[in-house]
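Let's take a look at how two protein chains can sit against each other. Have the structure open beside you as you read.

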Protein chains: 2
Amino acid sequence: MLIDFKNMPQQKLEHFKGGEGCMLAKTFSDGKNKILLAQLAPGNNVGIHKHEMNSEIVYVVSGVATIKYDGGPDEILHPGGVHYCPQDHHHAVCNEGTEILTFFAVVPEHHQ
Amino acid sequence: MLIDFKNMPQQKLEHFKGGEGCMLAKTFSDGKNKILLAQLAPGNNVGIHKHEMNSEIVYVVSGVATIKYDGGPDEILHPGGVHYCPQDHHHAVCNEGTEILTFFAVVPEHHQ
């Protein structure tokens with residue numbers, strides 16, 4: 001099935017996961033997977049959060065993502081760059097760049 | 001964690017899922033998710049297969065993908081286009097275009 005982001009309403013999520021500013025997101029969810037296309041303006045971020053019952057895969061479409069993962073060194077992702085936060089790990093997704101960050105993400109639910 | 005496709009070996013999968021030609025793929029897997037970057041040359045395809053215990057999310061990076069999903073009309077995906085094959089459904093991924101098709105995919109295992 002097509003995931004038609006073009007005709008999907010966009011949500012404005014303020015201080016998402018305790019982050020600064022807001023994330024704009026178009027999200028499809030069926031209980032097994034969330035599939036989303038999201039944007040963060042410069043200076044905005046998704047706060048540090050642990051993936052307790054799911055995981056997250058991030059693919060950078062445009063802009064530059066700075067990922068804080070498990071307290072390690074920053075992961076800098078340019079377009080085409082991919083980050084994985086497995087279950088039981090934590091991360092934050094930040095836009096520390098000068099242009100809008102657009103990323104595609106999948107959040108599979110693991111239910112165990 | 002970064003998924004470093006640049007330094008990952010590429011596999012050549014002949015007649016993948018019974019398809020024509022071959023798929024070139026770089027794949028990360030940890031038992032919960034497969035994360036892959038794949039290429040199909042024009043005329044090549046991944047054959048029709050059912051996702052019994054997992055699902056698949058496809059994001060087209062370049063080229064044009066023609067997806068045959070559950071016997072419905074072809075889904076034509078251009079770069080940025082997204083297709084989802086939920087668990088218990090079937091699909092094929094075909095390159096019926098004139099340039100190499102590159103796609104990013106996530107295959108979450110559902111274990112139930």
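## What counts as touching

Before we start counting, one bit of vocabulary: contact here means heavy atoms within 4.5 Å. Keep in mind, too, that this is a predicted model.

With that cut-off, how many residues does each chain bring to the contact? Chain B gives 28 residues, and chain A gives 28 residues as well.

## Two copies and a half turn

Try laying chain B on chain A. A turn of 180 degrees, with a shift of 0.0 Å along the axis, does the job with an RMSD of 0.0 Å. The two copies are therefore related as by a two-fold rotation axis. Both copies use the same surface, too: 100% of the contact residues of chain B recur in chain A.

## What gets buried

Between them, chain B and chain A bury about 2,400 Å², and 63% of that is on carbon and sulfur atoms. Which residues of chain B lose the most area to chain A? They are B:Met1, B:Val82 and B:Tyr84, which together make up 28% of what that side buries.

## Who does the touching

How many salt bridges are there between chain B and chain A? The count is zero. Polar contacts are another story: 18 residue pairs make them across the interface, with both residues at pLDDT 80 or more.

Several strands of chain B give two or more residues to the side that touches chain A, among them strand 1 (2-3), strand 4 (33-40) and strand 11 (101-108). Sort that side of chain B by class and you get 17 nonpolar, seven polar and four charged residues.

## A sheet shared by both chains

Now follow the strands. There's an open sheet of seven strands, paired antiparallel, in the order 1(A)-9(B)-6(B)-11(B)-4(B)-3(B)-2(B). Which strands sit at the edges? Strand 1 of chain A is one, and strand 2 (11-14) of chain B is the other; each pairs on one side only.

Zoom in on where the chains join up. Strand 1 of chain A (residues 2-3) and strand 9 of chain B run antiparallel and are joined by two bridges. In one of these strands, strand 9 of chain B, B:Val82 is the bridge partner of A:Ile3. Within chain B, four bridges join strand 6 to strand 9, again antiparallel, and here B:Val82 is the bridge partner of B:Tyr59. You met B:Val82 earlier, too, as one of the residues of chain B that lose the most area to chain A.

Technical notes
Residues numbered from 1 in each chain as written. Chains lettered and ligands numbered in written order. Predicted model: local features only at pLDDT ≥ 70, side-chain atom pairs only at ≥ 80, totals over all residues. Heavy atoms only, no water. Least-squares fit on C-alpha atoms with pLDDT ≥ 70 in both. Buried area = accessible area lost by both parts, 1.4 Å probe. Salt bridge = Lys/Arg side-chain N within 4 Å of Asp/Glu carboxyl O. Polar contact = N/O pair within 3.5 Å; in protein donor to acceptor, adjacent residues only side chain to side chain. Nonpolar A, V, L, I, M, F, W, Y, C, P; charged D, E, K, R; others polar. Pairing = 2+ DSSP bridges.
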